[in-house]
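Here are a few exercises to work through with the model open beside you. Try each one yourself before reading on.

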Amino acid sequence: MISSPELVTVILFLLGQTRGDSVSQMDGQVTLLEAATLTVNCTYSATGYPTLFWYVQYPGEGPELLLKATKANDKKTNKGFEATYNAKTTSFHLEKASVQESDSAVYYCALGDTVTETAGGAERKL
C-alpha cells in the first residue's frame with residue numbers, strides 16, 4: 001500500500017521587543033509535506049551579543065525551550081532541529097532537514113531581553 005505524505009503545519013511568531021532590541025521572523029503559517037526541509041528565518045537587532053532562543057509549542061501544550069545560544073558561532077541542536085548564532089548576519093535561523101507530522105507546532109524566536117533570564121526563567125517550561 002502506498003501512503004501519501006502527511007502535511008506538517010508550522011506557525012511562526014516572534015516575541016516582543018524591549019529597550020531597542022528586537023527579533024524578526026516570518027509571520028503566519030507554513031505547510032510542508034513530510035520529509036521536506038524546514039528553514040525559519042530569525043534575525044535580531046541588539047547591542048552586544050544577546051542570548052538567543054527558539055521555543056516550540058505543540059498543540060494543547062505550553063511553550064518549551066527548544067534551543068538556546070549564548071555566544072557568536074554557537075551551533076545548537078535538539079530533536080533534529082538546529083540553529084547557529086551568526087553575529088555577522090545577526091541571525092539565528094531554525095532548520096530541520098526532514099520534518100515529520102509530529103513537528104506541527106508554533107515556533108517562537110526570542111532574544112535575552114524579551115524573556116526573564118533571572119533564576120533560569122528563560123529555560124523553564126512556561
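**Exercise 1.** In what order do the four strands of the open sheet stand, and is the pairing parallel or antiparallel?

First, the ground rules. This is a predicted model, where local features need pLDDT of at least 70, side-chain atom pairs count only at pLDDT 80 or more, and totals for chains, interfaces and linings use all residues. Residues are numbered from 1 along each chain as its sequence is written, and side-chain values use heavy atoms, with hydrogens and water left out.

Step 1: get the strands (DSSP runs of E, at least two residues, numbered from the N terminus). Step 2: look for pairing, which takes at least two DSSP bridges between two strands. The order comes out as β4-β10-β9-β8, with antiparallel pairing. Step 3: check the edges. β4 (38-40) and β8 (75-78) each have a single partner strand, so one side of each lacks a neighbour in the sheet. Step 4: zoom in on β9 (residues 81-84) and β10 (residues 94-96), which pair over three bridges; F81 has K96 as its bridge partner in β10.

**Exercise 2.** Which residues of strand β5 are on its covered face, and which on the uncovered one?

Step 1: recall that side chains in a regular strand alternate between the two faces of the sheet. Step 2: apply that to β5 (residues 42-45): C42 and Y44 are on the covered face, T43 and S45 on the uncovered one. Step 3: find the partner. β2 (residues 22-25) pairs with β5 in the antiparallel sense over four bridges, and V23 has Y44 as its bridge partner.

**Exercise 3.** How many aromatic pairs does the structure hold?

Step 1: search for Phe, Tyr and Trp rings (six-membered ring for Trp) with centres within 6.5 Å; planes under 30 degrees apart are stacked, over 60 edge-to-face, the rest tilted. You should get three pairs. Step 2: classify one of them. The ring centres of Y44 and Y85 are 5.8 Å apart and the planes sit at 80°, so this pair is edge-to-face. Y44 is in strand β5 and Y85 in the loop between β9 and β10, 41 residues apart. Step 3: check burial (buried is under 20% relative accessible area, exposed over 50%, partly exposed in between, with a 1.4 Å probe and protein chains only). Y44 has 7% relative accessibility, so it counts as buried; Y85, at 0%, counts as buried too. Step 4: try F81 and Y107, a tilted pair at 5.5 Å centre to centre and 45° between the planes. F81 lies in β9 and Y107 in β11, so the pair ties together parts 26 residues apart in sequence. Both F81 and Y107 are buried.
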